[in-house]
Amino acid sequence: PGQLPGFLLPDLAEQIEASLRTQQPLMVGNLETRRDFTDVRDVARAYVELALCDESRLGHAVYNICSGSSIPGKEILRLLINSYGAEGLETKVDPSRLRTNDVMDIYGSRNRITSDVGWEPTILTEQTIQDFVDWRKHEVEKT
């Protein structure tokens, strides 16, 4: 919640809202790419846990804060569409949005932080997306 345009979730949400208003298809890029999504609230909790833990527990200088698995863009879009109640929304691939050098799967390893500090993400992607959509709807109501 609160993430501004320039990232997948807010950009897709903005396009879904526009498609619902105009009844035009949602134009997308390659939704087969997979990315490691972690809720910012989990990330903030990881920072706090790292900052406050006994330094003797820290066995490394660098930690990845991530979920450790990747989710395809098409799943993010499906969850967003469901959160908007727009299950019948038509989507089309826009060739201009395709990148020939796009890495198909990006994810991290959280083994170090889980082992040293015990941190792991607790907020499911479905909850992140629903909270984001609820926040956006609230922001629209304020304007």
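Here is a short chat about this predicted model, going from the whole chain down to single residues.

Reader: How many helices and strands does the protein chain have?
Author: Let's walk along the sequence. The elements follow the pattern α-β-β-α-β-α-β-β-α-α. Sorted by type, the secondary structure comes to 5 helices and 5 strands.

Reader: In what order do the strands of the open sheet line up?
Author: Start at the edges: S3 (71-72) and S5 (105-106) each pair on one side only. Strand S2 (residues 34-35) is joined to S5 by 2 bridges, and those two run parallel. The pairing in the sheet is mixed, though, and its 3 strands come in the order S3-S2-S5.

Reader: Which residue in S5 stands opposite Arg34?
Author: Strands of a sheet pair through backbone hydrogen bonds, either parallel or antiparallel. Here S2 and S5 are the parallel case. Across from Arg34, in S5, you'll find Asp105.

Reader: Is Asp94 buried or exposed?
Author: Asp94 sits in the loop between strand S4 (91-93) and S5. Anything under 20% relative accessible area counts as buried. Asp94 comes in at 17%, so the label is buried.

Reader: Which residues does Asp94 touch, not counting those up to four places away in sequence?
Author: A hint comes from Leu26, which is 68 residues from Asp94 along the chain, yet their C-alpha atoms are separated by 9.2 Å. Leu26 belongs to strand S1 (26-28). The residues Asp94 touches are Met27 and Val28.

Reader: What share of the contacts with a separation of 6 or more joins residues 24 or more positions apart?
Author: Asp94 gives a taste of this, as it touches Met27 and Val28. For the whole protein chain, counting contacts with a separation of 6 or more, the share is 87%.

Reader: Where does Gln23 lie, and is it buried or exposed?
Author: Gln23 is in the loop between helix H1 (8-22) and strand S1. The cut-off for exposed is over 50%. With a relative accessible area of 64%, Gln23 is therefore exposed.

Reader: What is the phi of Gln23?
Author: Most residues other than glycine have a negative phi. Gln23 isn't a glycine, but its phi is positive, at about 60°.

Reader: How much area does the protein chain expose?
Author: The C-alpha trace spans about 60 × 40 × 20 Å along its principal axes. Of the 143 residues, 34% count as buried. Carbon and sulfur atoms supply 53% of the exposed area, which totals about 8,900 Å².

Reader: How far apart are the mean positions of the positive and negative charges?
Author: The chain carries 16 positive and 23 negative charges. Their mean positions are separated by 3 Å.

How values were computed: Residues are numbered from 1 along each chain as its sequence is written. This is a predicted model: local features need pLDDT of at least 70, side-chain atom pairs count only at pLDDT 80 or more; totals for chains, interfaces and linings use all residues. Side-chain values use heavy atoms; hydrogens and water are left out. Two strands pair if DSSP finds at least two bridges between them. Helices (H or I, at least four residues) and strands (E, at least two) are DSSP runs, numbered from the N terminus. Buried means under 20% relative accessible area, exposed over 50%, partly exposed in between (1.4 Å probe, protein chains only). Contact means heavy atoms within 4.5 Å. Accessible areas come from the Shrake-Rupley method with a 1.4 Å probe; for residues, only the protein chains shown count as cover. Lys and Arg count as positive and Asp and Glu as negative; His and the chain ends are not counted. The place of a charge is taken as NZ of Lys, CZ of Arg, CG of Asp or CD of Glu.
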